[in-house]
Amino acid sequence: TETQLNNNSKVTVNPPDIKIEGVQSFQKPEVTRKKINEITESDQNVEVFGTVVQAYDPRFFEQCPECRKKPAMENGNFVCAQHGAITPMYGYVTNVMLDDGTDTLRAVMFKEQMQQLFKKTDDELLAFRTAPEGFDELKREILGEQIIVDGRIIKNEMFDRLEIRSNKVKR
């Protein structure tokens with residue numbers, strides 16, 4: 001189950017007038033560390049320890065600030081299918097290539113994972129949307145760093161390769 005929040009969301013922790021019964025506790029699945037050459041397409045909760053041997057430029061994309069879905073461009077305006085005309089927020093993604101001595105693996109990192117990897121805030125990373133040349137320094141800094149990536153393995157059909165979609169990144 002996933003809950004998505006935005007700037008307009010409000011969370012009330014343990015409201016006194018609400019009683020919830022019959023809730024089963026959730027246990028986080030155990031993460032298994034694997035060498036890259038041992039990874040299979042069915043691996044869901046994998047931890048990979050490797051050295052960053054290549055870092056790629058980030059890609060930025062528009063999102064609806066309410067539901068985070070990709071809006072369409074209509075008559076010069078962004079339009080969300082669910083929320084109508086919007087001023088988009090921006091998400092971002094980057095990839096790094098990891099090498100653990102047994103093989104290499106591309107790691108896909110979205111917003112929170114990029115913040116963990118580069119130790120930068122959302123605003124600092126969003127600045128590269130309009131000034132991408134500054135990102136080269138971050139790429140140089142991360143090369144040769146050893147990192148741990150937790151995530152699930154996905155098959156990139158276009159390139160016929162396995163990749164890890166990161167949930168957590170530790171330097």
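Here are three short exercises on a predicted model, each with a worked solution.

Some ground rules first: numbering starts from 1 along each chain as its sequence is written, and side-chain values use heavy atoms, with hydrogens and water left out. Since we're on a prediction, local features need pLDDT of at least 70 and side-chain atom pairs count only at pLDDT 80 or more, while totals for chains, interfaces and linings use all residues.

**Exercise 1. Work out which strands pair with E8, and in which sense.**

Step 1. Get the terms straight. Strands are DSSP runs (E, at least two residues), numbered from the N terminus, and two of them pair if DSSP finds at least two bridges between them.

Step 2. Look at strand E7 (residues 89–99): seven bridges tie it to E8, antiparallel. The two make a hairpin with four residues between them, and Gly101 in that turn shows a positive phi of about 90°.

Step 3. Now strand E10 (residues 161–170): here E8 pairs in the parallel sense, over three bridges. Ala107 has Ile164 of E10 as its bridge partner.

Step 4. Check the burial (buried means under 20% relative accessible area, exposed over 50%, partly exposed in between, with a 1.4 Å probe and protein chains only). Five of the seven residues of E8 (residues 104–110) are buried, so the strand is largely enclosed by the rest of the structure.

**Exercise 2. Place Asn95 and Arg33: is each one buried or partly exposed?**

Step 1. Asn95 sits in strand E7, opposite Val108 in E8. At 8% relative accessibility, Asn95 counts as buried.

Step 2. List the contacts (heavy atoms within 4.5 Å). Beyond neighbours within four places in sequence, Asn95 touches several residues, among them Ala55, Tyr56 and Arg59.

Step 3. Arg33 belongs to strand E1 (residues 32–33) and, at 46% relative accessibility, counts as partly exposed.

Step 4. With the neighbours within four places set aside again, Arg33 contacts Glu47, Phe49 and Ile148. The side chains of Arg33 and Glu47 share a polar contact of 2.8 Å (a pair of N or O atoms within 3.5 Å; within protein, one must be able to donate a hydrogen and the other to accept it, and residues adjacent in sequence count only if both atoms are side-chain atoms).

**Exercise 3. Find the edges of the sheet E4-E5-E6.**

Step 1. The three strands form an open sheet in that order, with antiparallel pairing.

Step 2. Strand E4 (72–74) and strand E6 (84–86) each have a single partner strand, so they're the edges, with one side of each left without a neighbour in the sheet.

Step 3. Zoom in on E4 and strand E5 (residues 77–80): three bridges join them, and Ala72 has Val79 as its bridge partner in E5.
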